Amino acid sequence: MSSFSEVGYDEAMRRARECVPVLLERAQKCEDARMLLPENEKLLHETGLFRYHQPKRFGGMELPFIAVVDIVAELARGCPSTAWNVGNLGCHHWILAYYEPETQHEVWDANPDALIASSIALAAGRGRIAKGGFTVSGRWPFSSGVDNSGWNMLAVTVYEDNTAVDWRLCLVPKSDYKVIDTWYAMGMVGTGSKDIEVKEIFVPERRALALARCRGGLEHPGAALNKGDLFKVPLVGAAGHPLSATALGAAEGAYQHVVNSFKTRMGTYTGAKVADFQAVQIRIARARALIDGARYLMRESALVFQNKEKLETEEKLRLRAQNAFAVHQCHEAVETLWACYGANAIYTRDPLQRFQRDLQAMKQHFSFNFDIAGAAFGTVALGGKYTNPTL
């Protein structure tokens with residue numbers, strides 16, 4: 001088993017950059033497979049890029065929180081679907097560090113490279129209190145990377161007499177759930193985000209993380225082992241960042257592709273040099289500004305989560321809204337590029353159509369619904385009440 005505890009931020013970024021051309025070359029194959037390619041999984045294990053937020057004591061890099069934005073965005077320039085799984089599966093090493101020490105040892109002593117999928121739809125899972133834990137049933141959508149994973153973190157609302165009393169993230173082994181292949185999608189096809197179903201399984205208390213104890217600081221049970229700043233970040237408040245970074249990288253990849261193409265392209269019907277058209281120049285500039293603005297919002301909000309231990313609800317909501325807004329800027333950037341790219345964009349052989357479809361799919365994610373995120377922040381900013389026991 002490899003240890004990556006000596007790998008720092010700069011080296012991790014170098015490794016991510018080196019992966020980009022390989023991922024780009026395999027992007028269509030990944031889409032055809034509708035899952036994280038085994039050869040991509042192998043590459044990411046070898047480079048340690050799933051383990052950027054795993055505690056050093058278990059052989060992980062334990063990099064600062066900002067690394068999840070920068071590493072994932074870098075990889076997404078090549079293949080957004082693969083990068084999404086790096087953000088998603090990789091951040092579960094971070095989340096596992098919030099669980100009871102016994103549970104961390106259970107997973108990582110057996111395999112420090114263990115991949116863990118998830119579904120964060122709290123309303124999809126129902127639990128009831130049982131002796132020593134919870135009895136859980138449900139069917140969850142969008143469990144990215146599930147085919148590659150040996151575990152799953154399932155969001156569960158615990159009820160007593162039809163009243164919600166607790167909110168848990170239940171870690172369950174693959175033997176306890178059924179994978180249902182629903183993943184026939186128009187974008188982010190290579191993420192393998194299939195449905196998960198469990199029926200009346202028992203989840204011990206130590207594998208059922210209380211989300212109300214993970215709102216910032218070291219109140220979570222994992223703090224007995226992991227006391228670094230990374231493990232003080234509020235889980236639900238910052239949950240969008242490991243995923244939003246894929247949108248940033250996809251927009252960057254689309255921009256680079258279009259600019260490289262336009263530098264030499266001649267108009268098929270006019271013979272004119274495309275780069276000389278002012279309309280094209282303006283759209284390139286607009287796309288660049290949108291991406292740069294998105295990068296700033298995404299990174300700056302991540303840095304606040306990283307550097308400020310105690311955040312008020314209003315600030316958490318502001319940061320979440322910023323992150324959602326940044327994703328929409330990335331989408332707008334690619335739409336801007338698409339609008340001036342011409343008919344070549346409709347060919348499936350051209351990467352731009354994949355970047356465009358992937359951005360279209362990503363912005364549909366609940367975490368990036370700006371109407372929801374914006375209304376929550378606006379309510380509090382205007383003196384209203386916003387109640388979320390997990391935030």
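This tour moves through a predicted model from its N-terminal helices to its C-terminal ones, naming at each stop what to select.

**Stop 1: helix H2**

Begin by selecting residues 38-47, which form helix H2. Colour Asn40, Glu41, Leu43, Leu44, His45 and Thr47, for these are the buried residues of the helix. To see what they pack against, add helix H1 (9-33), helix H3 (67-76) and helix H4 (80-96) to the selection. Then step just past the end of H2 to Gly48, whose phi is positive, at about 75°.

**Stop 2: strand E1 and its partner**

Select strand E1, residues 116-119. The side chains of Ile116 and Ser118 point one way from the strand, while those of Ala117 and Ser119 point the other way. All of these residues are buried, whichever way they point. Now bring in strand E4, residues 151-160, which runs parallel to E1 and is joined to E1 by 4 bridges. For a register mark, centre the view on Ala117, whose bridge partner in E4 is Asn152.

**Stop 3: from E4 to E5 and E8**

Keep E4 displayed and add strand E5, residues 163-173. Here the pairing is antiparallel and extends over 10 bridges. Leu154 of E4 may serve as a guide, as Cys170 in E5 stands opposite Leu154. At the turn of this hairpin, 2 residues lie between the strands. Select Asp161 there: its phi is positive, near 55°.

Cys170 also leads onward, since its bridge partner in strand E8 is Ala208. Display E8, residues 208-210, to follow this link; 3 bridges join E8 to E5, and the two strands run antiparallel.

**Stop 4: the loop at Met266**

Next, select Met266, in the loop between helix H6 (241-262) and helix H7 (278-307). Is this residue buried, partly exposed or exposed? Met266 has a relative accessible area of 46%, and is therefore partly exposed. Beyond its neighbours within four places in sequence, Met266 is in contact with Gly271, Ala272, Lys273 and Val274. For a sense of scale, draw a distance from the C-alpha atom of Met266 to that of Asn85: the two residues are 181 apart along the chain, and the separation is 38 Å.

**Stop 5: Leu352 in helix H9**

Move to helix H9, residues 351-362, and select Leu352. With a relative accessible area of 0%, Leu352 is buried. Which residues surround this side chain, leaving aside its neighbours within four places in sequence? Contacts are made with Ala254, His257, Val258, Trp338, Tyr341 and Ala345. A second distance can be drawn here, from the C-alpha atom of Leu352 to that of Thr313, which lies 39 residues away along the chain; the separation is 39 Å.

**Stop 6: helices H8 and H10**

Finally, select helix H8 (residues 313-341) together with helix H10 (residues 370-381). Their axes come within 9 Å and cross at roughly 150°. An angle over 145 degrees counts as roughly antiparallel, so H8 and H10 are roughly antiparallel to each other. The crossing of H8 past H10 is left-handed.

To display the contact, show Glu314, Leu317, Arg318, Arg320, Ala321, Ala324, Phe325 and His328 on the H8 side. On the H10 side, show Phe370, Ala373, Ala376, Phe377, Val380 and Ala381. Colouring these residues by class gives 10 nonpolar, 1 polar and 3 charged.

Definitions and conventions. Residues numbered from 1 in each chain as written. Predicted model: local features only at pLDDT ≥ 70, side-chain atom pairs only at ≥ 80, totals over all residues. Heavy atoms only, no water. Buried < 20%, exposed > 50% of the residue type's maximum accessible area, 1.4 Å probe, protein only. Pairing = 2+ DSSP bridges. Axes fitted to C-alpha atoms, helices over the stretch in contact; angles between N-to-C directions. Parallel < 35°, antiparallel > 145°, perpendicular 65-115°, else oblique. Left-handed = near helix turned anticlockwise from the far one by under 90°. Contact = heavy atoms within 4.5 Å. Nonpolar A, V, L, I, M, F, W, Y, C, P; charged D, E, K, R; others polar.
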